[in-house]
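User: I'm new to reading protein models and I'd like to know how the labels are earned. Can we go through this one together?

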Amino acid sequence: MLIPLPKKNCFQLLCNLRVPAAGFKNTVKNGLILQSLSNDIYQNLAVEDWIHDHMNLEGKPILFLWRNSPSVIIGRHQNPWQECNLNLMREEGIKLARRRSGGGTVYHDMGNINLTFFTTKKKYDRMENLKLVVRALNAVQPQLDVQATKRLDLLLDGQFKISGTASKIGRTTAYHHCTLLCSTDRALLSSLLKSPYQGIKSTATTSIPSLVKNLGEKDPMLTCEVLMNAIAAEYAGVHQIDNHVNLINPTDETRFPGISNKVRELQSWEWIYGKTPNFSINTSFNVLYKESYLEIKVFINVKNGKIEICNIETPDHWLPLEVCDKLNSGLIGIKFCPTETAVLTNTFRSTCPEDHKLYSKWNILCEKIKGIM
Ligand SMILES: Nc1ncnc2c1ncn2[C@@H]1O[C@H](COP(=O)(O)OC(=O)CCCC[C@@H]2CCSS2)[C@@H](O)[C@H]1O
C-alpha cells in the first residue's frame with residue numbers, strides 16, 4: 001500500500017538526510033546526490049521505485065549511486081529460465097531480481113556500480129547522462145577510450161562493453177539507470193548468464209550478449225570508490241550543486257515511508273517469476289534402462305509462472321501410464337519451480353507401494369523434471 005505523501009515534502013525528507021546546515025535547503029535546490037548504504041538488490045530497486053513514485057523532480061534531479069552483492073537482474077519483460085542458469089545461482093546463493101525497466105539481463109557484484117539518473121520526463125536524456133559518465137572517467141584517466149553506442153552501451157576500446165542501460169518513463173517522472181564494470185567477476189558473470197534450459201519458446205525480451213571488460217583491468221586505479229566520486233563530482237559540476245554524497249539507508253521507514261512494502265513486492269515469487277511472459281518448454285531427456293537409452297518427452301506450458309499444461313511421456317514398459325498421468329495432473333497449477341515440484345513428488349513417493357524399481361524410476365523422472373526448472 002502506498003502512503004500518499006505530498007511530492008514536495010518527500011524532497012525535503014531526503015534533503016534532511018544531510019546534517020542540517022544553515023542555508024542547506026538552498027544549496028540542494030538544483031539536485032541531489034544519493035548513495036545507498038545497502039548492498040541488497042531488492043532494497044536498492046525499492047529506493048528507485050520510491051523516488052519514482054513520491055518525488056517531484058521539477059528543477060531537482062537526483063543521481064543515485066548503488067552497488068549490490070552478487071545478483072542477476074532481469075528486465076521487466078524477460079524470462080529467467082531463458083536468460084540465466086538458475087541452478088547455478090541457487091548453488092552459489094546468487095539473488096535473482098526483476099527490475100521495473102525493460103531491456104536485458106546483467107550481473108552485479110561489488111565490483112559493479114549502478115547509477116540512476118532521476119529527472120522529470122521532460123528533462124530525461126540518456127545520452128547526456130552517458131556523456132557525463134564518460135567525462136568523469138576521462139577526468140580520472142584521460143587516456144581511456146570510452147564511447148557511448150547508439151543502443152546506449154558504453155564501450156571500452158571500441159569493443160568491450162563496460163556499461164548497459166535501461167530506463168523507466170512514468171507520467172511525470174523518468175529514470176535512466178546504467179551499470180559500470182570496475183572489477184566484477186567476469187568468469188562468474190558469463191557462466192551465470194548462460195541458460196542451460198533447452199526448448200523454451202516465448203515472446204519475452206531477449207538479452208544482447210557482448211564481450212565485457214572491467215575498467216580496473218585497463219587501469220587498476222579505476223576502483224569503484226574512485227569512479228563513484230568522479231561521477232558525483234561531474235554531476236555536481238553540471239547541476240551546480242554541492243558535491244556532497246548523501247548516504248541513505250533504504251530500510252529507514254521514517255525517511256522512505258512505505259518502502260518495506262516495495263521491498264517485499266520485489267522479493268516475491270509472484271513478481272520475480274510470476275511476471276514472466278507465458279512460455280512453453282518442449283524438450284526430452286534420456287534415461288538408461290536395461291543397457292539402452294529410453295527417451296522421455298516433456299511439454300510444459302507456463303502461465304504467470306505456473307504450470308498450465310503438462311505432458312510428460314515415458315515409454316509405458318518403463319513406467320506404467322497411470323503413474324506418469326499422476327505426475328502430469330499433479331503438476332498442473334503448481335509453480336514452475338523445483339521446491340514446489342519436490343513437495344508434490346515427495347508426497348507421491350510416500351504413497352508408492354514398496355516397489356523399489358518403481359520408486360527408483362520415479363526418483364529419476366522427478367529429478368529430471370526438477371532439473372529443467
Ligand atoms: N554489469 C554489467 N555491465 C555491463 N554489461 C553487462 C553487465 N552484466 C552483463 N553484461 C553484458 O550485457 C549483456 C546484456 O546486455 P543487454 O543490452 O541485453 O542488457 C543490458 O545491458 C541491460 C542493462 C540494465 C542496467 C540496469 C541498471 C541498474 S539495474 S540493471 C549480457 O549478456 C552481458 O554480455
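Analyst: Sure, and keep in mind that this is a predicted model. Let's start with the ligand: 26 residues surround it, and the closest are Gly104, Val106, Gly164, Thr179 and Ser207. Strands E5 (106-108), E6 (112-120), E9 (160-163), E10 (165-169) and E11 (173-181) are the elements that give two or more residues to this shell.

User: What makes a residue part of the shell around the ligand, and which element gives the most to it?

Analyst: The cut-off is 6 Å: a residue counts if its C-beta atom, placed from the backbone, lies within that distance of the molecule. The top contributor is E11, with four residues.

User: How do the shell residues split by class?

Analyst: There are 11 nonpolar, 13 polar and two charged residues in the shell. Careful with glycine here, since Gly is counted as polar.

User: Why is Tyr273 called buried or exposed?

Analyst: Set the count against the rule. Buried takes 20 or more other C-beta atoms within 10 Å. Tyr273 has 22 C-beta neighbours inside 10 Å, so it counts as buried. You'll find Tyr273 in the loop between H11 and E14. Leaving aside neighbours within four places in sequence, Tyr273 is in contact with Pro80, Gly305 and Cys337.

User: And what about Glu291, buried or exposed?

Analyst: Exposed needs 12 or fewer neighbours. Glu291 has 5 C-beta neighbours inside 10 Å, so it counts as exposed. Glu291 sits in the loop between strand E14 (279-289) and strand E15 (292-303). Its backbone is worth a look too: Glu291 has a positive phi of about 65 degrees, although it is not a glycine.

User: Why does Asn304 count as partly exposed?

Analyst: Partly exposed is what falls in between those two cut-offs. With 14 C-beta neighbours inside 10 Å, Asn304 therefore counts as partly exposed. Asn304 lies in the loop between E15 and strand E16 (306-313). Here too phi is positive in a residue other than glycine, near 50 degrees.

User: How do you know that Tyr235 is buried, and what does it touch?

Analyst: Tyr235 has 25 C-beta neighbours inside 10 Å, and the cut-off is 20 or more, so Tyr235 counts as buried. Tyr235 lies in helix H9 (residues 224-239). Not counting residues up to four places away in sequence, Tyr235 touches Ile33, Leu63 and Leu132. Now compare sequence and space: Tyr235 and Ile62 are 173 residues apart in sequence and 9.4 Å apart in space, C-alpha to C-alpha. For Tyr273 and Asp252, the separations are 21 residues in sequence and 27 Å in space.

User: What makes a group of residues a nonpolar core?

Analyst: The members must be buried, belong to the nonpolar types on the list, and be joined through C-beta atoms within 7 Å. The largest core here has 63 residues, and Leu65, Leu115, Val133, Leu180 and Leu227 touch the most other members. Helix H3 (residues 41-54) supplies the largest share of this core, seven residues. Another core lies apart from it, with 17 residues, among them Phe336, Ile369, Ile372 and Met373.

User: How do you know that the buried residues of H10 line one face of the helix?

Analyst: The buried residues of helix H10 (residues 259-267) are Ile259, Lys262, Val263 and Leu266. Seen down the axis of H10, they fall within an arc of 100 degrees, so they line one face. The general idea behind it: an α-helix has 3.6 residues a turn, so residues three or four places apart point the same way. The buried residues of H10 pack against H3, strand E4 (95-98) and helix H11 (269-272).

User: Which domains is the chain divided into, and how many residues does each give to the contact?

Analyst: The division is into domain 1 (7-272) and domain 2 (279-371). Their contact takes eight residues from domain 1 and six residues from domain 2. On the domain 1 side, strand E12 (residues 200-202) gives the most, with three residues. The C-alpha centres of the two domains lie 41 Å apart.

User: Last one: how many helices and strands are there?

Analyst: The protein chain has 14 helices and 16 strands. Of its 373 residues, 36% count as buried.

Definitions and conventions: Residues numbered from 1 in each chain as written. Predicted model: local features only at pLDDT ≥ 70, side-chain atom pairs only at ≥ 80, totals over all residues. Domains from an automatic or database assignment. Contact = placed C-beta atoms within 7 Å. Arc of directions from axis to C-beta.
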